[in-house]
Amino acid sequence: QMKSSQSFFNEFDYYITPSELIEFNYCKRFTYYMKCLNVPQFEENRFKVQKGKEIHSKKENENKQYLRKKLGVIDKKINVDLYSEKYKIKGIVDEVLILSDNTMAPLDYKFAKFDDVLYKTYKNQMLMYSIMIEEMYNCKVNKCFLVYTRSSNLIKECNVEEKELKKLKKEIRDYCKVMEGYFPKATSSKARCIDCCYRNICIK
């Protein structure tokens, strides 16, 4: 039986989430001050993705057959708690799809319009889900799907590439090093420092 979201995250409290890895890639020092040194940052919405309340109602009312027709889905799990003991990561994905070729795939809804670009933050999130699905279900993940709700629920498919997974796993290892006390280099983009809540204590 699947754990509730509350007990799930309590049990795996120190595991890395996709949003935490996004913060880390934005500025490793930010993670160092907030997570390693526990310096409060007073800007709790700074990196949070605001999906919009309407997404869940849209998901409830959508045509249940659209996935079968378009993607070759034979079954799906909804709002799935995921984790990887090997990589110490966790997350909740909107759907895990079981495909007709005996593989699985994550699907996530984005309260956004598709503007012809698959952003690295989105792709890394889906790759993290892919890693966790493979470990939890012992099943191959070759692709993932994003649904852009502000583009009439447009579905975009992306492949899971080994070179991208290798890079992501290195980023996860780097995150763990910082959590163990390693002081990382400052971001090379100084524009990110302007409104940072740690700018007065950060050693340039």
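**Strand 2 and its neighbours in the sheet**

In the hairpin formed by strand 1 and strand 2, 4 residues lie between the strands, and one residue, Lys 88, adopts a positive phi near 60°. The model described here is predicted. Strand 1 spans residues 73-84 and runs antiparallel to strand 2, to which it is joined by 10 bridges. Within this pairing, Asp 75 of the hairpin faces Ile 98 in strand 2, standing opposite that residue. Asp 81 likewise has an opposite residue in strand 2, namely Ile 92.

Strand 2 is also paired with strand 3, which covers residues 104-110; the two run antiparallel and are joined by 4 bridges. Across this pairing, Glu 95 stands opposite Leu 107 in strand 3. The hairpin of strand 2 and strand 3 has 4 residues between the strands, and in this hairpin Asn 102 takes a positive phi near 70°.

These pairings belong to an open sheet of 5 strands, arranged in the order 1-2-3-4-5 with mixed pairing. Strand 1 and strand 5 (154-159) are the edge strands, each pairing on one side only. From one strand to the next, the twist averages 30°.

The surroundings of strand 2 were examined by accessible area. Of the 11 residues in strand 2 (residues 89-99), 10 are buried, so the strand is largely enclosed by the rest of the structure. Buried here denotes a relative accessible area under 20%. In a regular strand, side chains alternate between the two faces of the sheet.

How values were computed:
Residues numbered from 1 in each chain as written. Predicted model: local features only at pLDDT ≥ 70, side-chain atom pairs only at ≥ 80, totals over all residues. Heavy atoms only, no water. Buried < 20%, exposed > 50% of the residue type's maximum accessible area, 1.4 Å probe, protein only. Pairing = 2+ DSSP bridges. Axes fitted to C-alpha atoms, helices over the stretch in contact; angles between N-to-C directions.
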